[in-house]
Amino acid sequence: MLQSVKKVRLLAVAVAVSALAACQTAPPPPPPAPVATPQYTPRAPTTPFGASINTIVPQLRPDGLRQTINRDIGPLETLWHVRAALNVAALSCTGPQYSRLVSDYNAFIGNNKKFLRNANNAIIRKYRRDHGGGYKQAHDRHQTSLYNYWSFSPLRRPFCDQAVQVSQRAIVTKSEELEAFGAQALAELEKPFTDFYLAYEEYERDLDAWRRQYAPEQARDAADETINTTGLTKGG
C-alpha cells in the first residue's frame, strides 16, 4: 500500500513537471552577427578649371579688388591693358565662335591708331620718370607680366568668351570714348579671373576640411608649410 502511494506521488510529480515544461516557450534565436560597413573615403576636392595646386591667388585689397597687375594704373594704361588682352585673345582663342577676334583686334588698332600711339608714348614717358635709365627693362618686364596674366591657360575658355563680347564694342567705340570704354572693358575681361580666385579660395577651404576629416597627417603638414612660408615671408 505504501509503495502504491509513492508511485502515485512520483507520477503526479512527473505529470506536473511535464505540464510546466509544456507551458514554457522556447528561447529566441541569437541575433545575427553585425555586418561590417565598408569605410568610404570621398575623393579630395579638386582645383577649379584644373588649375595647378600651387596657384597663388592675389590678395584682396581693402577696396574689394584683387592685387593684380591691373591695379593702380591710369586711364591710358587701363586702355593699354585692354589692348593687350584683346591681342592675347586674337592670338590664342581658337574655334569658330572666336573667329572674329583677329579682325576685331585689327580694326580696333586701325580705328584708333593715333590715340593708341599717343597712349603708348605717355606710358613710356612715365616709365622714364619712374625708372630712369632702366625704364626700358622695367617696361619690358611689365609687358611680359601683363601678357602672362591674360594668358593663364586654365581660364582660356571663359576669357575668350569675354574677349569676344568686348571686341564687338571695341570696334565701334569712338576715340573720345576710349577711356570710359577701357575702364568698363578691363573689369569685364577680369571677371573670369576674379570668379576663379573666389572658386580657388573655396577649393582651399574644402580641401582643408577634407584633410582634417580624412587625412589629418596631410592637414598637419599643410599647416606646418603655411607656418614656414609665412615665417620666411615675414623674415625676408
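## Charges over rings

A charge counts as sitting over a ring if NZ of Lys or CZ of Arg is within 6 Å of the ring centre and within 35 degrees of the ring normal. K126 meets this rule: its charged end sits over the ring of Y127, 5.6 Å from the centre of that ring. R83 does so too, with its charged end over the ring of W80. Here the distance to the ring centre is 4.3 Å. The model described here is a predicted one.

## The overall fold

The protein chain holds 8 helices and 0 strands. Read from the N terminus, the order of elements is α-α-α-α-α-α-α-α. The chain has 236 residues, and buried residues make up 31% of them.

Contacts often span long stretches of sequence. Take the contacts between residues at least 6 apart in sequence: 75% of these join residues at least 24 apart.

## Aromatic pairs

A pair of aromatic rings is described by the distance of the centres and the angle of the planes. The count comes to 12 aromatic pairs. One of them joins F159 and F193. Their centres lie 6.2 Å apart, their planes stand at 70 degrees, and the pair is edge-to-face. F159 belongs to helix α6 (residues 156-170) and F193 to helix α7 (residues 178-214), so this pair ties together parts that are 34 residues apart in sequence. Both F159 and F193 are buried.

W210 and Y214 pair as well. Their ring centres are 6.0 Å apart and their planes meet at 40 degrees, so this pair is tilted. Both residues lie in helix α7, 4 residues apart, which is about one turn of the helix. Is W210 buried or exposed? Its relative accessibility is 14%, and W210 counts as buried because the cut-off is under 20%. Y214 is partly exposed, with a relative accessible area of 32%.

## An aromatic cluster and a pocket

Six residues form one aromatic cluster: F49, F152, F196, Y197, Y200 and Y203. Three of these names come up again in the second largest pocket, whose lining includes F152, F196 and Y197. F193, from the edge-to-face pair, is also among the lining residues. The others are A51, S52, T55, I56, P58, Y149 and P154.

This second largest pocket holds about 150 Å³ of space. Which helix gives the largest share of its lining? That is α7, with 3 residues.

## The cavity

The model has 1 cavity of 30 Å³ or more. The volume of the largest cavity is about 40 Å³. Its lining consists of E77, W80, H81, I123, Y127, H139, H142 and Q143. W80 and Y127 are also the rings beneath the charged ends of R83 and K126.

Three helices each supply at least two residues of this lining. They are α2 (75-92), α4 (113-131) and α5 (135-150).

## A buried aspartate

D104 is placed in helix α3 (residues 101-111). Its relative accessibility is 5%, so D104 counts as buried. The side chain of D104 makes a polar contact of 2.6 Å with the side chain of R100.

What does D104 touch, not counting residues up to four places away in sequence? The residues are S167, Q168 and I171.

Terms used
Residues are numbered from 1 along each chain as its sequence is written. This is a predicted model: local features need pLDDT of at least 70, side-chain atom pairs count only at pLDDT 80 or more; totals for chains, interfaces and linings use all residues. Side-chain values use heavy atoms; hydrogens and water are left out. Rings of Phe, Tyr and Trp (its six-membered ring) pair if their centres lie within 6.5 Å; planes under 30 degrees apart count as stacked, over 60 as edge-to-face and the rest as tilted. Buried means under 20% relative accessible area, exposed over 50%, partly exposed in between (1.4 Å probe, protein chains only). A polar contact is a pair of N or O atoms within 3.5 Å; within protein, one must be able to donate a hydrogen and the other to accept it, and residues adjacent in sequence count only if both atoms are side-chain atoms. Contact means heavy atoms within 4.5 Å. On a 1 Å grid over the protein atoms alone, a cavity is a set of points where a 1.4 Å probe fits but cannot get out, and a pocket is an open set with protein on both sides within 12 Å along at least five of seven lines; lining residues have an atom within 4 Å of a point. Grid points are joined across faces, edges and corners, and a volume is the space filled by probe spheres set on the points.
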